[in-house]
Amino acid sequence: MTVQLPFPRVEMPTSDAHGIALVGCGGIGRLQLDAYRKVGWNVVVLCDAVIASAESARDEYFPNADATDDFGAVLARTDVTVVDLAVHTDIRPGMVRKAILAGKHVMSQKPFVETLAEGRALAELAEEHGVTLAVNQNGRWSPHFHALRAIVESGRLGQLVAADFAAYWPHDIHTEHHRLGQDPNLVLYDYAIHWFDLVACLFPEREAVSVYATTARRRGQLVPVPTIASVIIDFGDAQVSILMRASARHEDTGSYHVVGTEGAAALHGGALGGQRVDIVAEEPAHIETVGNWFPDALIGSMAELLRAIEDGTKPATHPRSSLAGLALCFAAIESAATGAPVVPADVAGLYREGDAD
Ligand SMILES: NC(=O)c1ccc[n+]([C@@H]2O[C@H](COP(=O)([O-])OP(=O)(O)OC[C@H]3O[C@@H](n4cnc5c(N)ncnc54)[C@H](O)[C@@H]3O)[C@@H](O)[C@H]2O)c1
């Protein structure tokens, strides 16, 4: 018989004065709108380069809001206090910069930036202009990861010595007709960034000595880019593995086993939420997870930003908090490309063909 521990609470904002502009009404933008509607947040304008996308999202989720294809007009509105940028990483940093300069608080989708220097520059710019910038590493609030962070932060496991993650789901089916399905870094950058970010959260202040990764395409997968990845992160006195099996069929499952000097936490369940986390320790316990990645992780992440704006504090997802996970991710991409282990401290950004020459 194990004791059931409460599922950790999300701290919600208390004010309804935030006016949100959702920019980029594509796949994730619409899921965010669905999440914000469920909570009752105030989306005042929807923006997309394709006006028909902005209008159809507006009609479906926030019929009283405005729809536009003019980002400048969004920034000029005084009722917009938070600009939520759900566009791709190639154009997003420039839009983050413009929103900061317009005095807006900003939510940036992930992966945050393509170089660590650009991430630091955006963090500094937000600080200089007294606005709050957050990165939408919403995986931290996905129920199974939210529970894990709470367990580790409680100290029940002692000092972490190992963490092994695996996810099996058909990402190739979801991206077959999407531009991400053509991205050579789909599995390690676009997808596994949530796992790298989580590892950085679980091992704060610990520098990885090396990252080794391999990627592969599986026979019969629906996209031309790798969907399988195996990563080993070596922290010297702790080891982490991340197994991404993103062209699985007939399943959507995930597991983790996180081991500390005083016990372990283990999950078997859905890839994007889990059902129950068991704590194996002198006093065994478990947490029944509540909800799923969509919408709960999206609510958790935006709630963190809105609450931080109200309190005048730094959100947990402040931009510098994303850089350690990004460095692990960049190291894994370089390792998969070169076949050699990579030291994350030596990595500046996203590896490109020819960088090794
Ligand atoms: N956090 C998560 O769980 C999660 C999940 C999926 C995607 N994402 C991330 O979100 C980003 C977008 O992914 P997606 O799947 O929604 O892409 P998408 O291609 O489906 O949507 C992007 C939208 O942005 C619009 N757009 C392009 N340029 C624009 C501009 N200058 N101004 C306004 N709108 C513009 C496009 O017309 C499109 O509607 C990516 O970085 C992706 O990694 C995050």
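Exposed means a relative accessible area over 50%, and buried means under 20%; these words are used in that sense in the legends below, which describe close-up views of a predicted model.

**View 1. His-250, an exposed residue with positive phi in the loop between β11 and β12.**
His-250 is found in the loop that runs between strand β11 and strand β12, the latter spanning residues 253-260. Its relative accessible area is 85%, so His-250 counts as exposed. Although His-250 is not a glycine, its phi is positive, at about 60°. Tyr-168 is 82 residues away from His-250 in sequence, yet the two are 9.6 Å apart in space when taken from C-alpha to C-alpha.

**View 2. Glu-205, in the loop between α9 and β9.**
Is Glu-205 buried or exposed? With a relative accessible area of 82%, Glu-205 is exposed, and its place is in the loop that lies between helix α9 and strand β9. Glu-205 is not a glycine, but it has a positive phi of about 65°.

**View 3. The packing of helix α6 against helix α9.**
Helix α6, made of residues 143-154, packs with helix α9, made of residues 193-202, at an angle of about 15°, and the axes of the two helices are 10 Å apart. Because of this angle, α6 is roughly parallel to α9, the cut-off for that description being an angle under 35 degrees. The crossing in which α6 passes α9 is right-handed. On the α6 side the contact is made by Phe-145, Leu-148, Arg-149 and Val-152, which meet Trp-195, Leu-198, Cys-201 and Leu-202 of α9. Sorted by class, this contact of α6 with α9 holds 7 nonpolar residues and 1 charged residue, with no polar ones.

**View 4. Helix α9 and its surroundings.**
Of the 10 residues of α9, 9 are buried, so this helix is largely enclosed by the rest of the structure. The buried residues are Ile-193, His-194, Trp-195, Phe-196, Asp-197, Leu-198, Val-199, Ala-200 and Leu-202. One of these, Asp-197, is touched by Ser-322, a residue found in helix α11. Ser-322 also touches Val-135, Gln-137 and Arg-140, when residues up to four places away in sequence are not counted. The relative accessible area of Ser-322 is 1%, which means that this residue is buried.

**View 5. The open sheet of 9 strands and the helices that pack on it.**
The open sheet is formed by 9 strands with mixed pairing, and their order is β1-β15-β14-β13-β12-β8-β11-β10-β9. Its edge strands are β1, residues 3-4, and β9, residues 210-216, each of which pairs on one side only. Strand β9 is joined by 7 bridges to strand β10, residues 228-234, and these two strands run antiparallel. Within this pair, Thr-214 stands opposite Ser-230 in β10. Helix α9 packs on the sheet and touches β8 (160-168), β10 and β11 (239-245), with its direction making about 160° with that of β8. Helix α11, residues 319-338, also packs on the sheet, where it touches β9 and β10, and its direction makes about 55° with that of β9.

**View 6. Strand β6 and its pairing with β5.**
Strand β5, residues 82-85, is joined to β6 by 4 bridges, and the two strands run parallel. Val-106 in β6 is the bridge partner of Val-83. In a regular strand the side chains alternate between the two faces of the sheet. In β6 both faces are covered, since His-105 and Met-107 on one side are buried, as are Val-106 and Ser-108 on the other.

**View 7. Two cis peptide bonds that lead into prolines.**
Where do Pro-111 and Pro-295 lie? Pro-111 is in the loop between β6 (105-108) and α5 (116-128), and the peptide bond that reaches it from Lys-110 is cis, with omega near -15°. Pro-295 has its place in helix α10, residues 293-311, and is joined to Phe-294 by a cis peptide bond whose omega is about 10°.

Key: Residues numbered from 1 in each chain as written. Predicted model: local features only at pLDDT ≥ 70, side-chain atom pairs only at ≥ 80, totals over all residues. Heavy atoms only, no water. Axes fitted to C-alpha atoms, helices over the stretch in contact; angles between N-to-C directions. Parallel < 35°, antiparallel > 145°, perpendicular 65-115°, else oblique. Left-handed = near helix turned anticlockwise from the far one by under 90°. Contact = heavy atoms within 4.5 Å. Nonpolar A, V, L, I, M, F, W, Y, C, P; charged D, E, K, R; others polar. Pairing = 2+ DSSP bridges. Buried < 20%, exposed > 50% of the residue type's maximum accessible area, 1.4 Å probe, protein only.
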